[in-house]
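Please open the structure in your viewer and keep the selection tool at hand. The tour below proposes what to select at each stop and states what is found there.

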Amino acid sequence: MKVKTNCVNAPVWRDINVKSRIPDSLKMLEELARNIWWAWNDEATEMFRKLDPELWQVVNQNPVALLERLSYEKLEALSVNKEVLKEINSVYAHFQEYMNVKIDTSRPSVAYFCMEYGLTHVLKIYSGGLGILAGDYLKEASDSCVDMCGIGFLYRYGYFTQSLSIDGQQIANYEAQNFGSLPIERVNDQAGNPLVIDVPYLNYYVHAFVWKVNVGRVPLYLLDTDNELNSEFDRSITHQLYGGDWENRLKQEILLGIGGVLLLKKLGIKKDVYHCNEGHAALCNVQRLCEYVESGMSFDEALEVVRASSLYTVHTPVPAGHDYFDEGLFGKYMSGYPQRMGISWDDLMDLGRINPGDRNERFCMSTFACNTCQEVNGVSWLHGKVSQEMFSGIWKGYFAEENHVGYVTNGVHFPTWCASEWKQLYGKYFDKNFMNDQSNPTIWEAIYNVPDEEIWNTRQVLKKKLISYIREQFRKNWLKNQGNPALIVSLLDKINPNALTIGFARRFATYKRAHLLFSDLDRLSKIVNNPDYPVQFLFAGKAHPNDGAGQGLIKRIIEISNRPEFLGKIIFLQDYDMKLARRLVSGVDIWMNTPTRPLEASGTSGEKALMNGVVNFSVLDGWWLEGYREGAGWALTDKRTYQNQEYQDQLDAATIYSMLETEILPLFYARNKKGYSEGWVRTIKNSIAQIAPHYTMKRQLDDYYSKFYAKESVRFHALAENNFVKAKALADWKENVAEKWDSIKVVSLDKSLELRQGNVESGKDYTITCVVDEGELEDAIGVEMVVTYTTLEGKESVYSVTPMKLIKREGSLYTFQLTHSLSNAGSFKVSYRMYPKHEDLPHRQDFCYVRWFNM
């Protein structure tokens, strides 16, 4: 018999998780690592770095992974090192002092829903501006000690990691997150088992685990469907941010809105205000309506209560950017909800339509949010105006500028985005209470007392840090991509730490116009190769995997950057994330932004740069329209010269070149005997003193409280008092007015012959008297005169709205009168508008019944 020389069975492996055994003297490190507080406290991140500087970089600056990877021997050595223990105890004492401050219960409590959160590069649950804003918001909520919690998703893969092929093609890499190595903790039930939220879909349930991120004092709860309780089709709901088809998007929005409210209910959390940050979370109001109806209310009564306690913030400036769902797809998952709410399917669909009853119109999440939230806001002054126009079709009978859509201009979380060097400088010269009063302009004026040389040197230190980082990243990426070594060496040699450095980093959508700079390559070449005024441009950003135009733009920039005349002068930095963003917004000299106006809802990257002495050069759009001050940065006009966008792009590009050549570069290089530009430092100081205090997240949070949260909370509690007696009475009143609306009669409208003929004199008073028969209604109607004019652009706009005063009542006849004059001569239109009035209505659009009349 021949004996076999090889006989092996397949190994049977089993995963085991080996946790570091932390010595008792270092136990507080685990608590610190599991609270994102470290992400905006430099002393904490520096403490973690010092534990093992080399390993800190290997684990991508993740404290949880650092503690897992530290050897037992290393931990034992650290546990008896007196200097290390002294620093750890100091940081932990600061953390404890911060955490022990009581929550401010005098301000309304808030549940904040968002699809993404940018808290740290370690936690990949964000893609761009919306997520960064939400992350900053929770951090400031923590710093301001307000009662807030966040609801979102724990994505298995998150948004993609970007790499670039040798020819500049974007490669999207989806890398799974190891939840055990993240600064999060699983939420368990009372028995110690993972808490599960059962969310109804079709005729089955999707089961979501719950994780918590400790954002200082604020909890952020994250839903996770990637577990064995779900089918493979549902496990993927929380795999990718903005991935998959429209069906997956709907499933995600059901989970965020409906699942988010179910999560809060299971945790026993009730808030005064429910804030939908974008339309993705709008379905939270479906679940809230169901719960109120199932408690015994009618749908109309429930809607009063839900609407009074809901706020919708829109970040999108064009209708095409909102989420729309075909009725068939929407019905596939939502058909069971109308019965629970006590309404018909058509009623639910109509809540998501601008034109109720139009069966060809898809269900829009943003329209549904507008119809179920008392307050709606844009994210800058201009975006508020754009949003009024965008949503005006929902509230027919009122002109866009009359509707209630407001705005809160976005800000940035100062401790997160301000470099430690600037924090030290501010700490040295600013009022000691600065961190608690960041939006106080008087405090920021102290920047004028800082010596010019100190400002200049701080900027140079941060620029050198950025250049070193870029060089290191290019070396790493060259090894990965096996690129041409001669090209890399030449590029690294040509990067100039003394050159004026301009940054352009953002999502690569075509409206951002990253291509603008390359409109005239010959002229650009002359600018970047001027030996007296060297300048270099740094680009970074991701294009959505389905955005071919955006990816093509990245490829084009890479191609241009590899040309000999642009090598080392035009540089594209791959995989734009929070870590790279912090380097860029603190290291460049100028932050450039060139969107097509008015498509930049707000933008916040320039605000981050602002906090670091970086000067803005941008189109007057979004926040910069409000922020720009002469002598504190540069602006491209908000006026449009050409309707043809290509011509407008060419003009804007020529303006950029000209301003660089004649204003910006000469100012930067006008050096004094000490080697710095006094004019440039003056621009930096003006920028910091005059603009920065108005764009902190502290100011943004305070604005939300003063403009929306406070008044919504007051009204909600008034409606909810005594078993919702006011809500029920208001719902009854609306139903009564709606039933009798068509029976109201305008009996007469008396006005002078001149008014009837349409020939009036400016400055002359005219009296108008109107008699209305309200029938069975009781003082439920208001009447006003509306005067409009046609703008130079051909748009009809409101000139004045003048209420008519009730002067007499006889039975059901109500007599209204006003005396009015027009102060301007010209061509106008006049009409009269009747509307329902009630002291408990928050605004006219809450009950949007309108009848126009004239005689």
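The tour begins with charged side chains: the count comes to 42 salt bridges, a salt bridge being a side-chain nitrogen of Lys or Arg within 4 Å of a carboxyl oxygen of Asp or Glu. The structure is a predicted model, in which local features need pLDDT of at least 70 and side-chain atom pairs count only at pLDDT 80 or more, while totals for chains, interfaces and linings use all residues. Residues are numbered from 1 along each chain as its sequence is written, and side-chain values use heavy atoms, with hydrogens and water left out.

**First stop: two helices**

Select Glu 87 and Lys 50, whose side chains form a salt bridge with an N to O distance of 3.6 Å. The pair links distant parts of the chain, for Glu 87 belongs to helix 6 (residues 82-99) and Lys 50 to helix 2 (residues 42-51), 37 residues apart. Helices (H or I, at least four residues) and strands (E, at least two) are DSSP runs, numbered from the N terminus. Are these side chains buried or exposed? Glu 87 is partly exposed, at a relative accessible area of 25%, and Lys 50 is partly exposed as well, at 46%. In these terms, buried means under 20% relative accessible area, exposed over 50%, and partly exposed in between (1.4 Å probe, protein chains only).

**Second stop: another pair of helices**

Next, select Glu 247 and Lys 332, which meet in a salt bridge of 2.7 Å, N to O. Glu 247 is in helix 9 (residues 246-267) and Lys 332 in helix 12 (residues 327-334), so the pair ties together parts that are 85 residues apart in sequence. Glu 247 is partly exposed, with a relative accessible area of 23%; Lys 332 is also partly exposed, at 37%.

**Third stop: two loops**

Now select Asp 779 and Lys 837, a salt bridge in which the closest N and O atoms are 3.3 Å apart. Where does each partner lie? Asp 779 is in the loop between strand 22 (766-773) and strand 23 (781-790), and Lys 837 is in the loop between strand 27 (829-836) and strand 28 (851-853), so the pair ties together parts 58 residues apart in sequence. Asp 779 has a relative accessible area of 34% and is partly exposed; Lys 837, at 29%, is partly exposed too.

**Fourth stop: a network**

Select Glu 304, Arg 307, Lys 734 and Asp 846 together, as these residues are linked in a network of salt bridges.

**Fifth stop: an exposed lysine**

Select Lys 102, in the loop between helix 6 and strand 1 (110-113). Lys 102 is exposed, with a relative accessible area of 74%. Add Val 146 to the selection: the two residues are 44 residues apart along the chain, and their C-alpha atoms are separated by 9.2 Å.

**Last stop: the whole protein**

Finally, show the entire model, which contains 30 helices and 28 strands. The radius of gyration, taken over C-alpha atoms, is 30 Å, close to the 29 Å that the globule rule (2.2 Å times the number of residues to the power 0.38) gives for 855 residues, so the protein is as compact as a globular protein of that length. Along its principal axes the C-alpha trace spans about 105 × 80 × 60 Å. Of the 855 residues, 57% count as buried.
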